Amino acid sequence: QGQLEESGGGLVQAGGSLTLSCAASGHTFSNYVMGWFRQAPGKEREFVAAISWSGHATYYLDSVKGRFTMSRDNAKNTVSLQMNTLKPEDTAVYYCNAVSGSKPIWSDWGQGTQVTVLT
């Protein structure tokens with residue numbers, strides 16, 4: 001059973017920035033494409049971004065393209081999500097997981113990290 005631990009969320013004014021981190025354990029991290037998801041109140045969890053195992057390729061939800069940047073450090077088993085020009089609609093709990101396409105692979109979700117963007 002693996003573990004995922006997200007951190008870095010918080011309260012920020014619209015237009016501000018946050019950097020989220022996710023630490024993974026219990027899996028051969030570097031073998032997986034990793035992704036970020038988010039779930040806003042009353043909504044389904046949605047795919048936000050993914051990064052290839054090498055870190056050379058990234059994929060983003062259209063609404064975050066040009067504002068969010070995902071990276072990874074395979075030596076530390078971590079992924080990050082740099083979020084700039086945040087909007088109120090980015091408010092959600094953010095989670096990481098391994099992905100296949102835009103679908104999560106691992107059943108063991110972390111607790112997530114809350115991002116709240118104020119108008």
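Reader: Which residue forms a salt bridge with Glu46?

Author: In this predicted model, side chains of opposite charge can pair when their charged atoms come close. The closest N and O atoms of the pair are 2.7 Å apart, within the 4 Å allowed for a salt bridge. Glu46 is partly exposed, at 32% relative accessible area. The partner of Glu46 is Arg38.

Reader: Is Arg38 buried or exposed?

Author: Arg38 lies in strand β4, residues 34-39. Its side chain makes polar contacts with the side chains of Glu46, at 2.7 Å, and Asp90, at 3.0 Å. Buried means under 20% relative accessible area, and Arg38 has 6%, so Arg38 is buried.

Reader: Which residue meets Asp90 in a salt bridge at 2.8 Å, N to O?

Author: Asp90 sits in the loop between β8 and β9, and its partner is 23 residues away, in the loop between β6 and β7. Both residues of the pair are buried. The pair belongs to a network of salt bridges that links Arg38, Glu46, Arg67 and Asp90. The residue that meets Asp90 at 2.8 Å is Arg67.

Reader: Which cysteine does the disulfide join to Cys22?

Author: A search of the whole structure finds 1 disulfide, with an S to S distance of 1.7 Å. The pair links distant parts of the chain, strand β3 and strand β9, 74 residues apart. Cys22 is buried at 2% relative accessibility, and its partner is buried at 0%. The cysteine joined to Cys22 is Cys96.

Key: Residues are numbered from 1 along each chain as its sequence is written. This is a predicted model: local features need pLDDT of at least 70, side-chain atom pairs count only at pLDDT 80 or more; totals for chains, interfaces and linings use all residues. Side-chain values use heavy atoms; hydrogens and water are left out. Helices (H or I, at least four residues) and strands (E, at least two) are DSSP runs, numbered from the N terminus. Buried means under 20% relative accessible area, exposed over 50%, partly exposed in between (1.4 Å probe, protein chains only). A polar contact is a pair of N or O atoms within 3.5 Å; within protein, one must be able to donate a hydrogen and the other to accept it, and residues adjacent in sequence count only if both atoms are side-chain atoms. A disulfide is a pair of cysteine sulfur atoms within 2.5 Å. A salt bridge is a side-chain nitrogen of Lys or Arg within 4 Å of a carboxyl oxygen of Asp or Glu.
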